[in-house]
Amino acid sequence: MITQDEANQAADFLAAIADNVESVIVGKREIVELVLMALVAQGHVLLEDLPGTGKTSLASALAKSVECKFSRMQFTPDIMPSDVVGFSIYNQKTNDFEFRPGGVMSNLVLVDEINRASAKTQSSLLEAMEERQVTVDSHTYKLEEPFMVLATQNPIEQYGTYPLPEAQLDRFIMKLSMGYPGMEEEIDVVLNTRAAKAAIGPVASSADVLTLRKLASEVEVSRSVARYAVQVVSATRTAKECACGSSPRGSLALIDLARANALMRGRTYVMPDDIKYLAPFALSHRIILTHEARANGRAPEAIINAILDSVAVPLVAEADLSATVVDEGKDAGLFSGAKHSVSAASEDSSLGATSVAGDAGAPAANADVARTQDKDSLFSRVINRK
């Protein structure tokens, strides 16, 4: 079980990664944090937005920040499945076949304009995204962890594209849109982006990502909070404007993201507000609207928000949220890297306004006390935990 001290320092470590990525992706803190949550939750992200909004730069900056192997595949109509998963070639010197890995054999994989490849090429990603492996000529090759797919597509210029099938969309833990920057942010982009891209360096390693994933898996989820998440997902299957609702994979994605969000806020437990905040990102691409809803111009996000308004939020007692909310020494000095503090105010601003009974007694991070970080000490201790 994760301790409060580990949660505090993991939150600081995630904030350091987000700060590093934000040096390139200016003014998109929420998007950066959501992609980080997906990485910690062992999920994949679909970025859908207009060209030039920073989708590719975000993937590249994240890979450089966590010092992971990065590969980029430009999907076009003529790209083949073998280009993605790899292929076997005959070696005349050894009289044997050798495996040549494809673009998916990496840690962070950027699939640019995923909807421009044919259906058979798109389907070559299914096994890798779900099973973390690829099968070529009856041989199965495990992918190196951490593994994450960041796919992009444009909502315009749909000529010559192949829309993603529902089975492919369901593999993505969330679907995000970057959006245009504000006036001041765009000025910063114009003046500083090229220099920032050249200067960005790693602040974490792939081993650190695995440790963060382990910590997130230990974040407490009470049965009442899990029931709330399942009720929200189940409501998509009966909503009048939904021809098809989310599968149980949506419930799993919602809980995994909620754990990652709680860890990012320095909490050892998941709150109902985590579910409410993340549901539009995790479920909007998993539902199919009816013809009437599409004709009326209804957006999937609006339908998910309407469902959230209709499902009662549970009143959860503090004891039910977590049995490990006692601060076990956040000044113990377990990290020695960059110092970042996470305040209770920032936590509240990133979540909804729903109140939770007993939350006043939950621990809040102290914005006035910088927690000294000793990454190697904590992370080696966590990764070796039985």
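Leu125 keeps company from well outside its own stretch of chain: leaving aside neighbours within four places in sequence, this residue is in contact with Phe75, Val84, Val104, Val111, Ile114 and Gln168. Keep in mind that this is a predicted model. Leu125 is part of helix H5, which runs over residues 119–131. With a relative accessible area of 0%, Leu125 counts as buried. Val149 sits 24 residues away from Leu125 in sequence, and the two C-alpha atoms are 9.1 Å apart in space.

Now for the cysteines. Two of them are buried as well, and here they are next to Leu125:

| Residue | Relative accessible area | State |
|---|---|---|
| Leu125 | 0% | buried |
| Cys242 | 8% | buried |
| Cys68 | 11% | buried |

How many disulfides does the model have? The count comes to zero. Take Cys242: the closest cysteine sulfur belongs to Cys244 and lies 8.7 Å from the sulfur of Cys242, so that pair is too far apart for a bond. The cut-off for a disulfide is 2.5 Å between the sulfur atoms.

On to the open space. The largest pocket has a volume of about 700 Å³, and 29 residues line that pocket. Which of the lining residues lie nearest its centre? They are Leu169, Lys175, Ser284, His285 and Ile287. Two or more lining residues come from each of helix H6 (166–169), strand S9 (174–176), helix H11 (272–283), strand S11 (288–289) and helix H13 (300–310). If you care about the chemistry of the wall, the lining of the largest pocket splits into 12 nonpolar, 10 polar and seven charged residues.

Terms used: Residues numbered from 1 in each chain as written. Predicted model: local features only at pLDDT ≥ 70, side-chain atom pairs only at ≥ 80, totals over all residues. Heavy atoms only, no water. 1 Å grid on protein atoms, 1.4 Å probe; cavity = no way out; pocket = protein on both sides within 12 Å on 5 of 7 lines; lining within 4 Å. Points joined across faces, edges and corners; volume = space filled by probe spheres on them. Helix = DSSP H or I, 4+ residues; strand = E, 2+ residues; numbered from the N terminus. Nonpolar A, V, L, I, M, F, W, Y, C, P; charged D, E, K, R; others polar. Buried < 20%, exposed > 50% of the residue type's maximum accessible area, 1.4 Å probe, protein only. Contact = heavy atoms within 4.5 Å.
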